[in-house]
Amino acid sequence: MANGIISIDKPQGWTSQDVTARLRRVFNTRRIGHGGTLDPMATGVLPVFVGRATRGVEFFEHAQKIYEATLRLGIATDTEDITGTVLEEKTVAITEAEFLKVLEQFRGEIMQVPPMYSALKVNGKKLYDLARAGKEVERQPRPITIYELECLAFSGNEAKLRVHCSKGTYIRTLCKDIGLALGCGGCMAALRRVQAGEYTIADSVSLEQLLPESEQGMEVEHYLKPVDSMFASYPAITLTPNQTKRVRNGNSFSHTAEPGKYRLYSDGGEFLALAQIQDGVMSTIKSFFEV
């Protein structure tokens with residue numbers, strides 16, 4: 001049984017579900033899920049959780065992401081990206097200095113109104129279903145954090161941006177909002193996710209490489225990273241045999257380490273759980289050992 005996380009460089013035109021459905025056949029398992037949806041037009045890092053690693057998907061939902069996006073100024077669309085119906089076109093007369101000045105207001109903690117073309121639900125209905133039916137409903141703004149927003153290139157009516165952001169950020173909405181702030185409108189023309197949590201584009205494998213190897217009967221499980229790789233930012237603790245037994249039985253126990261979250265390993269090196277220490281007590285947040 002395959003277990004682990006594979007970071008896919010998602011190609012344009014594929015949905016995130018398309019990717020997981022294809023990998024379900026590659027690894028011959030029903031237990032599979034992805035960590036953070038990418039729109040079909042977007043490319044880049046899509047971590048896919050296989051087998052026992054699916055227990056970690058819920059933690060990955062909160063992972064920070066880094067994107068490289070192209071903002072097209074002077075065009076507003078219904079989907080907030082270049083694939084949508086054009087609603088308005090304006091002449092662009094923005095200097096690079098003016099553009100960089102406007103970016104300042106989009107850094108840090110900001111409020112963002114989710115787009116109608118999104119999978120969020122209002123009264124049990126997905127927004128994109130309502131949008132396709134020609135309906136628009138009020139959406140409440142949500143807090144997001146833009147940790148970094150850098151202009152990589154500017155050519156008058158187009159800019160390439162690097163965005164390091166929190167969970168729940170819509171890059172196409174960010175592009176639209178920057179265009180509105182400039183007074184000329186804007187939409188997202190391209191999007192590439194270059195990092196998601198601990199996984200980068202350099203760690204990722206393309207389907208163009210993976211699928212032929214699988215179809216030829218070659219070993220592809222070496223692309224799977226261990227599940228503890230997603231928790232690499234947390235310190236590790238190796239347990240005694242008695243502590244290992246307590247973790248396997250789901251019991252808490254006292255520990256002298258500082259308060260916080262930890263990766264727990266048996267004395268034999270097996271990754272057991274993500275845990276936390278609070279008031280001198282170690283307790284399991286989620287176990288990952290094989291039962």
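Q: Which elements do the buried residues of α5 pack against?
A: In this predicted model, the buried residues of α5 have one helix among their packing partners, α3 (96–103). The other partners are strands: β4 (65–73), β7 (108–112), β10 (142–154), β11 (158–165) and β12 (186–196). The full set is therefore β4, α3, β7, β10, β11 and β12.

Q: How many of the 12 residues of α5 are buried?
A: Buried means under 20% relative accessible area. In α5 the residues that meet this are I171, R172, T173, L174, C175, D177, I178, G179 and L182. The helix is mostly covered, and the count of buried residues is nine.

Q: What distance should α5 span, and how far apart are its end C-alpha atoms?
A: Helix α5 covers residues 171–182, which is 12 residues. The expected span is 1.5 Å times one less than the number of residues, so for α5 it comes to 16 Å. This agrees with the distance between the end C-alpha atoms, 17 Å.

Q: Which residue follows α5, and what is its phi?
A: The residue that follows α5 is G183. Its phi is positive, near 85°.

Q: Are α3 and α5 parallel, antiparallel, perpendicular or oblique to each other?
A: The axes of α3 and α5 come within 10 Å and cross at roughly 120°. Angles of 65 to 115 degrees count as roughly perpendicular and those over 145 as roughly antiparallel. The crossing angle of roughly 120° falls in neither class, so the two helices are oblique.

Q: Which residues of α5 meet α3, and what is the handedness of the crossing?
A: On the α3 side the residues are E98, F99, V102 and L103. They meet I178, A181 and L182 in α5. Of these, I178 and L182 are among the buried residues of α5. The crossing in which α3 passes α5 is right-handed.

Q: How many disulfides are there?
A: A disulfide is a covalent bond between the sulfur atoms of two cysteines. A pair counts if the sulfur atoms are within 2.5 Å. By this rule the count is zero.

Q: Which cysteine sulfur is nearest to that of C165, and is C165 buried or exposed?
A: C165 is in no disulfide, and the nearest cysteine sulfur, 11 Å away, is that of C175. Because its relative accessibility is 0%, C165 counts as buried.

Q: Which cysteine sulfur is nearest to that of C184, and is C184 buried or exposed?
A: C184 is also in no disulfide, with the sulfur of C187 nearest at 11 Å. Because its relative accessibility is 6%, C184 counts as buried.

Definitions and conventions: Residues numbered from 1 in each chain as written. Predicted model: local features only at pLDDT ≥ 70, side-chain atom pairs only at ≥ 80, totals over all residues. Heavy atoms only, no water. Helix = DSSP H or I, 4+ residues; strand = E, 2+ residues; numbered from the N terminus. Buried < 20%, exposed > 50% of the residue type's maximum accessible area, 1.4 Å probe, protein only. Contact = heavy atoms within 4.5 Å. Axes fitted to C-alpha atoms, helices over the stretch in contact; angles between N-to-C directions. Left-handed = near helix turned anticlockwise from the far one by under 90°.
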